[in-house]
Amino acid sequence: MSEEKSVPRFQTGKDGRAEVRRNAASPVAERPSPHNLDVERAVLSAMLRDPAYCGSKAVELLGNADTFYSQVHREIFSAYMRLYATEASNIDILALSAELQKSNKLESCGGLPELAKLENAIASTYNFERWCVMLRDLYTLRSMINVCSDSIRKCYEAEKDAAELVNEIENAIYKVRGDSDSTSIVSLKDSAWTAFAHIERIINKQEEPGIMSGFPDLDKMTGGLKRGEMFVVAARPSIGKTALALNIIRNIVMKNNPKTVILFSLEMTDEQISTRLICTEADMSERNFRDGSFRNGDMPKLANAVKNLRNAPLFIDPTGGLTIAELRAKARRMKIQHKIDLIVIDYLQLMQGSGHEESRQREVSEISSGIKSLAKELQIPVMVLAQLNREVEKGTASTMPKLSHLRESGSIEQDADVVVFLHRDRDKAKNLPPGASVEAKLIVEKNRNGETGYVDLEFYPSRMEFVNVRYHSDDRPAAEKEKKA
(Lines give C-alpha, C1' and ligand atoms only; values in the text may rest on other atoms or scores of the structure.)
Protein backbone atom coordinates (compact mmCIF):
# COMPACT_ATOMS: atom_id res chain seq x y z
CA MET A 1 0.00 0.00 0.00
CA SER A 2 1.31 3.48 -0.85
CA GLU A 3 0.30 6.79 0.62
CA GLU A 4 -1.58 7.62 -2.58
CA LYS A 5 -3.89 4.64 -2.20
CA SER A 6 -7.33 5.58 -0.94
CA VAL A 7 -8.54 3.31 1.84
CA PRO A 8 -11.98 3.19 3.41
CA ARG A 9 -12.30 4.40 7.00
CA PHE A 10 -13.86 1.09 8.11
CA GLN A 11 -13.46 -2.41 6.67
CA THR A 12 -15.97 -5.18 7.09
CA GLY A 13 -16.66 -8.41 5.31
CA LYS A 14 -14.79 -11.67 4.90
CA ASP A 15 -11.30 -10.37 5.72
CA GLY A 16 -12.51 -8.73 8.92
CA ARG A 17 -14.58 -11.66 10.13
CA ALA A 18 -11.77 -14.12 9.44
CA GLU A 19 -9.57 -12.49 12.07
CA VAL A 20 -9.95 -13.48 15.71
CA ARG A 21 -11.11 -10.44 17.76
CA ARG A 22 -10.25 -10.58 21.44
CA ASN A 23 -11.94 -7.35 22.53
CA ALA A 24 -14.27 -6.51 19.68
CA ALA A 25 -17.70 -7.62 20.88
CA SER A 26 -20.40 -5.92 18.86
CA PRO A 27 -23.97 -5.32 20.07
CA VAL A 28 -25.18 -6.04 16.54
CA ALA A 29 -25.07 -9.70 15.61
CA GLU A 30 -22.75 -10.64 12.72
CA ARG A 31 -21.50 -7.08 12.43
CA PRO A 32 -17.72 -6.67 12.79
CA SER A 33 -16.36 -3.86 14.90
CA PRO A 34 -14.75 -0.83 13.20
CA HIS A 35 -11.33 -1.67 11.75
CA ASN A 36 -9.09 -1.25 8.73
CA LEU A 37 -6.67 -4.10 8.00
CA ASP A 38 -4.88 -2.21 5.21
CA VAL A 39 -3.93 0.59 7.58
CA GLU A 40 -2.77 -1.92 10.19
CA ARG A 41 -0.48 -3.56 7.61
CA ALA A 42 0.79 -0.14 6.53
CA VAL A 43 1.72 0.77 10.13
CA LEU A 44 3.56 -2.51 10.72
CA SER A 45 5.32 -2.20 7.36
CA ALA A 46 6.52 1.31 8.21
CA MET A 47 7.81 0.10 11.58
CA LEU A 48 9.90 -2.55 9.79
CA ARG A 49 11.16 -0.16 7.12
CA ASP A 50 12.14 2.64 9.51
CA PRO A 51 12.41 1.28 13.08
CA ALA A 52 14.42 4.26 14.34
CA TYR A 53 11.62 6.78 13.73
CA CYS A 54 8.43 4.78 13.13
CA GLY A 55 9.17 2.30 15.91
CA SER A 56 9.54 5.01 18.55
CA LYS A 57 6.55 6.95 17.21
CA ALA A 58 4.40 3.81 17.33
CA VAL A 59 5.23 3.36 21.02
CA GLU A 60 4.11 6.94 21.67
CA LEU A 61 0.97 7.00 19.51
CA LEU A 62 -0.32 3.43 19.75
CA GLY A 63 0.78 2.30 23.18
CA ASN A 64 -0.27 -1.34 23.17
CA ALA A 65 -1.18 -4.21 20.86
CA ASP A 66 -4.93 -3.86 21.50
CA THR A 67 -4.91 -0.88 19.12
CA PHE A 68 -4.82 -3.51 16.33
CA TYR A 69 -7.98 -5.38 15.38
CA SER A 70 -6.31 -8.42 13.80
CA GLN A 71 -4.98 -11.06 16.19
CA VAL A 72 -2.06 -11.70 13.81
CA HIS A 73 -1.18 -8.02 13.75
CA ARG A 74 -1.39 -7.87 17.56
CA GLU A 75 1.09 -10.74 17.84
CA ILE A 76 3.51 -9.10 15.39
CA PHE A 77 3.26 -5.74 17.17
CA SER A 78 3.83 -7.37 20.60
CA ALA A 79 6.93 -9.17 19.33
CA TYR A 80 8.18 -5.94 17.77
CA MET A 81 7.73 -4.09 21.09
CA ARG A 82 9.71 -6.77 22.95
CA LEU A 83 12.56 -6.29 20.47
CA TYR A 84 12.25 -2.52 20.63
CA ALA A 85 12.74 -2.61 24.41
CA THR A 86 16.24 -4.02 23.92
CA GLU A 87 17.38 -3.24 20.37
CA ALA A 88 15.33 -0.18 19.28
CA SER A 89 16.69 0.72 15.82
CA ASN A 90 18.23 -2.68 14.91
CA ILE A 91 14.99 -4.48 14.04
CA ASP A 92 14.44 -6.35 10.78
CA ILE A 93 12.24 -9.23 9.59
CA LEU A 94 14.82 -11.85 10.62
CA ALA A 95 14.97 -10.55 14.20
CA LEU A 96 11.20 -10.27 14.26
CA SER A 97 10.68 -13.83 12.96
CA ALA A 98 13.11 -15.15 15.59
CA GLU A 99 11.19 -13.32 18.31
CA LEU A 100 7.88 -14.73 17.07
CA GLN A 101 9.43 -18.21 16.97
CA LYS A 102 10.38 -17.90 20.66
CA SER A 103 6.72 -17.53 21.57
CA ASN A 104 5.60 -20.17 19.02
CA LYS A 105 3.66 -17.54 17.06
CA LEU A 106 5.67 -17.46 13.82
CA GLU A 107 3.67 -20.11 12.00
CA SER A 108 0.29 -18.63 12.98
CA CYS A 109 1.51 -15.26 11.69
CA GLY A 110 2.31 -16.72 8.24
CA GLY A 111 6.02 -17.36 8.67
CA LEU A 112 8.96 -15.48 7.17
CA PRO A 113 7.38 -15.14 3.67
CA GLU A 114 4.40 -13.24 5.11
CA LEU A 115 6.70 -10.97 7.13
CA ALA A 116 8.61 -10.19 3.92
CA LYS A 117 5.34 -9.30 2.18
CA LEU A 118 4.41 -7.12 5.16
CA GLU A 119 7.70 -5.20 4.95
CA ASN A 120 7.04 -4.38 1.29
CA ALA A 121 3.35 -3.50 1.76
CA ILE A 122 3.95 0.25 1.33
CA ALA A 123 6.06 2.46 -0.93
CA SER A 124 6.69 5.21 1.64
CA THR A 125 6.35 5.93 5.35
CA TYR A 126 5.27 9.53 4.66
CA ASN A 127 1.76 9.17 6.17
CA PHE A 128 2.81 7.05 9.14
CA GLU A 129 1.53 9.40 11.85
CA ARG A 130 -1.81 9.79 10.07
CA TRP A 131 -2.17 6.00 9.90
CA CYS A 132 -1.47 5.73 13.62
CA VAL A 133 -4.15 8.32 14.37
CA MET A 134 -6.60 6.35 12.23
CA LEU A 135 -5.85 3.18 14.21
CA ARG A 136 -6.27 5.06 17.51
CA ASP A 137 -9.68 6.37 16.37
CA LEU A 138 -10.85 2.90 15.35
CA TYR A 139 -9.57 1.47 18.64
CA THR A 140 -11.52 4.16 20.54
CA LEU A 141 -14.72 3.20 18.71
CA ARG A 142 -14.16 -0.49 19.46
CA SER A 143 -13.45 0.31 23.11
CA MET A 144 -16.66 2.31 23.37
CA ILE A 145 -18.61 -0.56 21.81
CA ASN A 146 -17.10 -2.94 24.36
CA VAL A 147 -17.88 -0.64 27.28
CA CYS A 148 -21.46 -0.11 26.14
CA SER A 149 -22.03 -3.81 25.53
CA ASP A 150 -20.54 -4.68 28.91
CA SER A 151 -22.65 -1.98 30.56
CA ILE A 152 -25.84 -3.46 29.09
CA ARG A 153 -24.86 -6.89 30.42
CA LYS A 154 -24.12 -5.51 33.90
CA CYS A 155 -27.43 -3.65 33.97
CA TYR A 156 -29.32 -6.86 33.18
CA GLU A 157 -27.39 -8.86 35.77
CA ALA A 158 -27.79 -6.09 38.38
CA GLU A 159 -25.26 -7.61 40.78
CA LYS A 160 -24.40 -4.19 42.27
CA ASP A 161 -26.26 -1.24 43.72
CA ALA A 162 -27.64 0.96 40.91
CA ALA A 163 -25.72 4.08 41.98
CA GLU A 164 -22.47 2.13 42.25
CA LEU A 165 -23.04 0.59 38.83
CA VAL A 166 -23.72 3.97 37.22
CA ASN A 167 -20.47 5.33 38.70
CA GLU A 168 -18.57 2.29 37.40
CA ILE A 169 -20.01 2.72 33.88
CA GLU A 170 -19.24 6.46 33.90
CA ASN A 171 -15.65 5.75 34.89
CA ALA A 172 -15.30 3.19 32.11
CA ILE A 173 -16.68 5.59 29.50
CA TYR A 174 -14.49 8.44 30.72
CA LYS A 175 -11.46 6.16 30.60
CA VAL A 176 -12.12 5.57 26.90
CA ARG A 177 -12.42 9.33 26.45
CA GLY A 178 -9.25 9.93 28.44
CA ASP A 179 -7.29 7.32 26.49
CA SER A 180 -8.27 8.93 23.20
CA ASP A 181 -7.39 12.43 24.48
CA SER A 182 -4.16 11.45 26.21
CA THR A 183 -1.35 13.88 25.61
CA SER A 184 1.90 12.81 24.05
CA ILE A 185 5.40 14.05 24.72
CA VAL A 186 5.71 17.79 24.05
CA SER A 187 8.90 19.51 22.92
CA LEU A 188 10.17 22.51 24.88
CA LYS A 189 9.85 24.56 21.67
CA ASP A 190 6.09 24.00 21.56
CA SER A 191 5.61 24.21 25.32
CA ALA A 192 7.60 27.45 25.60
CA TRP A 193 5.43 29.19 23.00
CA THR A 194 2.26 27.99 24.75
CA ALA A 195 3.58 29.27 28.10
CA PHE A 196 4.61 32.59 26.53
CA ALA A 197 1.15 33.07 25.00
CA HIS A 198 -0.39 32.41 28.43
CA ILE A 199 1.96 34.93 30.09
CA GLU A 200 1.22 37.49 27.38
CA ARG A 201 -2.54 37.19 27.96
CA ILE A 202 -2.00 37.74 31.68
CA ILE A 203 0.22 40.80 31.08
CA ASN A 204 -2.38 42.29 28.71
CA LYS A 205 -5.14 41.71 31.30
CA GLN A 206 -6.88 39.32 28.89
CA GLU A 207 -6.66 36.47 31.37
CA GLU A 208 -6.17 36.11 35.12
CA PRO A 209 -3.29 33.94 36.36
CA GLY A 210 -5.81 32.07 38.46
CA ILE A 211 -9.31 32.41 39.92
CA MET A 212 -9.15 35.29 42.40
CA SER A 213 -10.38 34.36 45.89
CA GLY A 214 -11.59 37.87 46.72
CA PHE A 215 -8.97 38.22 49.47
CA PRO A 216 -6.46 40.59 47.83
CA ASP A 217 -3.49 39.89 50.10
CA LEU A 218 -3.93 36.14 49.61
CA ASP A 219 -4.33 36.51 45.83
CA LYS A 220 -1.23 38.69 45.65
CA MET A 221 0.76 35.95 47.36
CA THR A 222 -0.63 32.89 45.52
CA GLY A 223 -1.79 34.31 42.17
CA GLY A 224 -5.25 32.92 42.84
CA LEU A 225 -6.52 29.37 42.44
CA LYS A 226 -4.63 28.11 39.39
CA ARG A 227 -5.68 25.36 37.00
CA GLY A 228 -4.33 21.90 37.73
CA GLU A 229 -3.43 22.82 41.31
CA MET A 230 -4.53 21.38 44.65
CA PHE A 231 -5.19 24.23 47.12
CA VAL A 232 -5.50 23.07 50.74
CA VAL A 233 -7.13 25.17 53.49
CA ALA A 234 -6.55 23.57 56.89
CA ALA A 235 -7.60 24.40 60.46
CA ARG A 236 -8.80 22.89 63.70
CA PRO A 237 -12.58 22.30 64.14
CA SER A 238 -14.78 25.40 64.72
CA ILE A 239 -12.13 27.84 63.50
CA GLY A 240 -14.06 28.66 60.32
CA LYS A 241 -12.83 26.45 57.45
CA THR A 242 -16.29 26.13 55.91
CA ALA A 243 -17.09 29.81 56.48
CA LEU A 244 -13.88 30.84 54.72
CA ALA A 245 -14.53 28.42 51.85
CA LEU A 246 -18.07 29.78 51.41
CA ASN A 247 -16.75 33.36 51.50
CA ILE A 248 -14.30 32.48 48.70
CA ILE A 249 -17.01 30.67 46.72
CA ARG A 250 -19.34 33.63 47.14
CA ASN A 251 -16.66 36.04 45.95
CA ILE A 252 -16.07 33.87 42.87
CA VAL A 253 -19.67 33.21 41.81
CA MET A 254 -20.95 36.74 42.59
CA LYS A 255 -18.37 38.82 40.72
CA ASN A 256 -18.99 40.53 37.38
CA ASN A 257 -17.39 37.67 35.45
CA PRO A 258 -18.45 34.70 37.61
CA LYS A 259 -16.84 31.27 37.50
CA THR A 260 -18.77 28.02 37.82
CA VAL A 261 -18.13 26.15 41.06
CA ILE A 262 -19.16 22.79 42.48
CA LEU A 263 -19.02 22.26 46.25
CA PHE A 264 -18.84 18.72 47.60
CA SER A 265 -20.10 19.18 51.17
CA LEU A 266 -19.58 16.01 53.19
CA GLU A 267 -20.47 17.72 56.49
CA MET A 268 -23.41 20.05 55.80
CA THR A 269 -26.64 19.70 53.81
CA ASP A 270 -27.37 21.80 50.74
CA GLU A 271 -30.03 23.71 52.73
CA GLN A 272 -27.53 24.54 55.48
CA ILE A 273 -25.03 25.75 52.87
CA SER A 274 -27.68 27.90 51.17
CA THR A 275 -28.83 29.37 54.50
CA ARG A 276 -25.24 30.28 55.39
CA LEU A 277 -24.73 31.99 52.02
CA ILE A 278 -28.02 33.90 52.27
CA CYS A 279 -27.19 35.19 55.76
CA THR A 280 -23.72 36.34 54.71
CA GLU A 281 -25.12 38.04 51.63
CA ALA A 282 -27.87 39.74 53.69
CA ASP A 283 -25.41 40.72 56.46
CA MET A 284 -27.56 38.92 59.04
CA SER A 285 -27.07 36.27 61.70
CA GLU A 286 -28.78 32.88 61.60
CA ARG A 287 -29.48 33.42 65.28
CA ASN A 288 -32.13 35.99 64.31
CA PHE A 289 -34.31 33.20 62.93
CA ARG A 290 -34.02 31.05 66.02
CA ASP A 291 -34.30 33.48 68.94
CA GLY A 292 -37.21 35.55 67.68
CA SER A 293 -35.15 38.68 67.04
CA PHE A 294 -35.95 38.70 63.32
CA ARG A 295 -37.76 41.90 62.36
CA ASN A 296 -40.20 42.27 59.49
CA GLY A 297 -38.11 45.17 58.26
CA ASP A 298 -35.28 42.71 57.61
CA MET A 299 -37.32 40.74 55.08
CA PRO A 300 -36.37 42.95 52.08
CA LYS A 301 -32.67 42.39 52.87
CA LEU A 302 -33.28 38.64 53.00
CA ALA A 303 -35.30 38.63 49.76
CA ASN A 304 -32.66 40.72 48.01
CA ALA A 305 -29.94 38.28 49.13
CA VAL A 306 -31.89 35.36 47.68
CA LYS A 307 -32.40 37.32 44.45
CA ASN A 308 -28.66 37.99 44.18
CA LEU A 309 -27.76 34.34 44.83
CA ARG A 310 -30.38 32.70 42.61
CA ASN A 311 -28.39 33.06 39.41
CA ALA A 312 -25.00 32.30 40.97
CA PRO A 313 -23.31 29.41 39.04
CA LEU A 314 -22.85 27.22 42.12
CA PHE A 315 -23.68 23.51 42.38
CA ILE A 316 -23.83 21.68 45.72
CA ASP A 317 -23.38 17.94 46.26
CA PRO A 318 -24.14 17.04 49.90
CA THR A 319 -23.28 13.33 49.57
CA GLY A 320 -21.73 12.06 52.80
CA GLY A 321 -18.88 9.53 52.85
CA LEU A 322 -17.94 10.34 49.25
CA THR A 323 -15.33 8.02 47.75
CA ILE A 324 -12.54 9.20 45.49
CA ALA A 325 -14.07 7.15 42.64
CA GLU A 326 -17.46 8.87 43.08
CA LEU A 327 -15.79 12.28 43.27
CA ARG A 328 -13.88 11.61 40.06
CA ALA A 329 -17.00 10.42 38.21
CA LYS A 330 -19.16 13.35 39.35
CA ALA A 331 -16.46 15.94 38.67
CA ARG A 332 -15.84 14.59 35.17
CA ARG A 333 -19.57 14.71 34.40
CA MET A 334 -19.90 18.27 35.73
CA LYS A 335 -16.88 19.36 33.71
CA ILE A 336 -18.48 18.03 30.52
CA GLN A 337 -22.03 19.23 31.23
CA HIS A 338 -21.46 22.56 33.00
CA LYS A 339 -17.82 23.52 32.24
CA ILE A 340 -17.00 23.91 35.95
CA ASP A 341 -14.03 26.14 36.78
CA LEU A 342 -13.43 25.14 40.42
CA ILE A 343 -14.04 22.17 42.70
CA VAL A 344 -14.33 22.67 46.48
CA ILE A 345 -14.29 19.73 48.91
CA ASP A 346 -15.39 20.09 52.55
CA TYR A 347 -13.52 18.22 53.88
CA LEU A 348 -10.84 15.69 52.93
CA GLN A 349 -10.80 13.51 56.06
CA LEU A 350 -14.52 12.76 55.67
CA MET A 351 -13.91 11.13 52.30
CA GLN A 352 -13.42 7.40 51.85
CA GLY A 353 -10.83 5.52 49.82
CA SER A 354 -11.29 2.41 47.72
CA GLY A 355 -11.51 0.23 50.84
CA HIS A 356 -8.41 -1.73 49.89
CA GLU A 357 -5.94 0.20 52.06
CA GLU A 358 -4.67 -1.39 55.27
CA SER A 359 -4.60 1.79 57.37
CA ARG A 360 -6.39 5.13 57.55
CA GLN A 361 -3.12 6.93 56.82
CA ARG A 362 -2.72 5.04 53.54
CA GLU A 363 -6.38 5.64 52.73
CA VAL A 364 -5.97 9.41 53.18
CA SER A 365 -2.82 9.23 51.03
CA GLU A 366 -4.85 7.53 48.29
CA ILE A 367 -7.56 10.21 48.54
CA SER A 368 -5.02 13.04 48.48
CA SER A 369 -3.17 11.73 45.42
CA GLY A 370 -6.52 11.08 43.71
CA ILE A 371 -7.57 14.71 44.23
CA LYS A 372 -4.28 16.01 42.85
CA SER A 373 -4.61 13.71 39.81
CA LEU A 374 -8.16 14.96 39.25
CA ALA A 375 -7.00 18.59 39.25
CA LYS A 376 -4.35 17.82 36.63
CA GLU A 377 -6.72 15.72 34.54
CA LEU A 378 -9.52 18.31 34.40
CA GLN A 379 -7.09 21.26 34.33
CA ILE A 380 -9.03 23.18 36.97
CA PRO A 381 -8.14 24.05 40.58
CA VAL A 382 -9.41 21.91 43.45
CA MET A 383 -9.71 23.62 46.85
CA VAL A 384 -9.72 21.07 49.64
CA LEU A 385 -10.50 21.74 53.29
CA ALA A 386 -8.60 19.61 55.80
CA GLN A 387 -8.37 19.21 59.54
CA LEU A 388 -5.30 19.71 61.68
CA ASN A 389 -4.45 17.29 64.48
CA ARG A 390 -4.63 18.13 68.19
CA GLU A 391 -0.91 18.83 68.45
CA VAL A 392 -1.49 22.43 67.42
CA GLU A 393 -3.67 22.99 70.52
CA LYS A 394 -1.04 21.78 72.96
CA GLY A 395 0.76 25.10 72.69
CA THR A 396 -0.56 28.57 73.48
CA ALA A 397 -3.22 30.45 71.56
CA SER A 398 -0.46 32.13 69.58
CA THR A 399 1.12 28.82 68.52
CA MET A 400 1.05 28.71 64.72
CA PRO A 401 0.13 25.55 62.76
CA LYS A 402 2.80 23.73 60.78
CA LEU A 403 2.70 21.29 57.86
CA SER A 404 3.35 18.44 60.29
CA HIS A 405 -0.01 19.23 61.95
CA LEU A 406 -2.00 18.04 58.93
CA ARG A 407 -4.10 15.19 60.23
CA GLU A 408 -3.68 11.50 59.30
CA SER A 409 -1.24 11.80 56.41
CA GLY A 410 1.95 13.52 55.36
CA SER A 411 1.01 12.98 51.72
CA ILE A 412 -1.39 15.95 51.84
CA GLU A 413 1.49 18.41 52.18
CA GLN A 414 3.37 16.58 49.40
CA ASP A 415 0.47 16.52 46.93
CA ALA A 416 -0.75 20.06 47.59
CA ASP A 417 0.54 22.96 45.52
CA VAL A 418 -0.62 25.48 48.12
CA VAL A 419 -1.26 24.88 51.83
CA VAL A 420 -2.96 27.65 53.79
CA PHE A 421 -3.68 27.47 57.52
CA LEU A 422 -6.58 29.42 59.06
CA HIS A 423 -5.73 30.43 62.63
CA ARG A 424 -7.46 32.42 65.36
CA ASP A 425 -8.11 32.33 69.09
CA ARG A 426 -11.34 30.37 69.36
CA ASP A 427 -12.11 31.69 72.88
CA LYS A 428 -12.13 35.33 71.78
CA ALA A 429 -15.20 34.70 69.62
CA LYS A 430 -17.30 33.60 72.60
CA ASN A 431 -20.05 35.95 73.83
CA LEU A 432 -19.22 38.64 71.29
CA PRO A 433 -21.83 41.38 70.83
CA PRO A 434 -23.66 41.37 67.44
CA GLY A 435 -21.56 42.82 64.64
CA ALA A 436 -18.27 42.55 66.54
CA SER A 437 -15.21 40.90 65.02
CA VAL A 438 -12.11 39.00 66.13
CA GLU A 439 -8.65 38.84 64.60
CA ALA A 440 -7.78 35.90 62.37
CA LYS A 441 -4.82 35.01 60.25
CA LEU A 442 -4.19 33.06 57.06
CA ILE A 443 -0.77 31.42 56.99
CA VAL A 444 0.46 30.53 53.50
CA GLU A 445 2.80 27.77 54.68
CA LYS A 446 3.47 26.17 51.29
CA ASN A 447 3.30 27.73 47.85
CA ARG A 448 4.91 25.67 45.13
CA ASN A 449 4.92 28.52 42.63
CA GLY A 450 5.13 31.62 44.79
CA GLU A 451 5.88 33.22 48.11
CA THR A 452 4.71 32.29 51.61
CA GLY A 453 3.63 34.57 54.43
CA TYR A 454 0.72 35.87 56.50
CA VAL A 455 -2.61 37.49 55.64
CA ASP A 456 -4.43 39.41 58.38
CA LEU A 457 -8.19 38.96 58.51
CA GLU A 458 -11.14 40.06 60.60
CA PHE A 459 -13.77 37.42 61.38
CA TYR A 460 -17.40 38.41 61.97
CA PRO A 461 -19.03 35.40 63.70
CA SER A 462 -22.54 36.85 63.50
CA ARG A 463 -22.59 36.65 59.69
CA MET A 464 -19.82 34.03 59.37
CA GLU A 465 -17.65 36.25 57.20
CA PHE A 466 -13.91 36.82 56.94
CA VAL A 467 -12.66 40.18 55.62
CA ASN A 468 -9.17 41.13 54.45
CA VAL A 469 -8.04 43.71 57.05
CA ARG A 470 -6.61 46.23 54.57
CA TYR A 471 -9.45 45.90 52.04
CA HIS A 472 -12.71 46.08 53.99
CA SER A 473 -14.74 47.72 51.21
CA ASP A 474 -13.26 45.81 48.31
CA ASP A 475 -13.50 42.31 49.73
CA ARG A 476 -17.23 41.99 49.21
CA PRO A 477 -18.46 40.91 45.75
CA ALA A 478 -19.23 43.51 43.09
CA ALA A 479 -22.94 42.62 43.15
CA GLU A 480 -23.14 43.56 46.83
CA LYS A 481 -21.16 46.82 46.40
CA GLU A 482 -23.58 47.86 43.63
CA LYS A 483 -26.49 46.90 45.86
CA LYS A 484 -25.20 49.10 48.71
CA ALA A 485 -24.38 52.03 46.41
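Me: What makes R463 count as a charge over the ring of Y460?

Reply: Happy to go through it, bearing in mind that this is a predicted model. The charged end of R463 lies 4.2 Å from the centre of the Y460 ring. The cut-off for that distance is 6 Å, so R463 is described as sitting over the ring.

Me: And which residue lies over the face of Y347?

Reply: That is K241, at 5.5 Å from the ring centre. The limit is again 6 Å, so K241 qualifies too.

Me: Why is the pair F459 and F466 called stacked?

Reply: The two ring centres are 4.3 Å apart, and the planes meet at 25°. Centres must lie within 6.5 Å for a pair, and planes under 30 degrees apart count as stacked, so both conditions are met here. Both F459 and F466 are also buried.

Me: What makes the pair F68 and F77 tilted?

Reply: Here the angle decides. The planes are at 45°, with the centres 5.0 Å apart. Stacked needs under 30 degrees and edge-to-face needs over 60, so this pair is tilted. F68 and F77 are buried as well, and the structure holds 2 aromatic pairs.

Me: How do you know that C132 has no bond to C54?

Reply: C54 holds the closest cysteine sulfur to that of C132, yet the two are 7.7 Å apart. A disulfide needs sulfur atoms within 2.5 Å, so this distance is too far for a bond. The structure holds 0 disulfides.

Me: Why is C132 called buried, and what is C155 called?

Reply: C132 has a relative accessible area of 0%. Buried means under 20%, so C132 is buried. C155 has 46% relative accessibility; that value falls between 20% and 50%, so C155 is partly exposed.

Me: Which residues touch the most other members of the largest nonpolar core?

Reply: Those are M383 and F466, in a core of 43 residues. Helix α11, residues 241–253, gives this core its largest share, 8 residues. Beyond its neighbours within four places in sequence, M383 is in contact with several residues, including L225, F231, A245, I248 and L342. A second, separate core has 34 residues, among them M230, I340, L406 and I412.

Me: How much of the whole chain is buried?

Reply: Buried residues make up 46% of the 485 residues. The chain has 18 helices and 9 strands, and about 24700 Å² is exposed, with carbon and sulfur atoms supplying 50% of that area.

How values were computed:
Residues are numbered from 1 along each chain as its sequence is written. This is a predicted model: local features need pLDDT of at least 70, side-chain atom pairs count only at pLDDT 80 or more; totals for chains, interfaces and linings use all residues. Side-chain values use heavy atoms; hydrogens and water are left out. Helices (H or I, at least four residues) and strands (E, at least two) are DSSP runs, numbered from the N terminus. Buried means under 20% relative accessible area, exposed over 50%, partly exposed in between (1.4 Å probe, protein chains only). Accessible areas come from the Shrake-Rupley method with a 1.4 Å probe; for residues, only the protein chains shown count as cover. A nonpolar core is a set of buried Ala, Val, Leu, Ile, Met, Phe, Trp, Tyr and Cys residues joined through side-chain atoms within 4.5 Å. Contact means heavy atoms within 4.5 Å. Rings of Phe, Tyr and Trp (its six-membered ring) pair if their centres lie within 6.5 Å; planes under 30 degrees apart count as stacked, over 60 as edge-to-face and the rest as tilted. A charge sits over a ring if NZ of Lys or CZ of Arg is within 6 Å of the ring centre and within 35 degrees of the ring normal.
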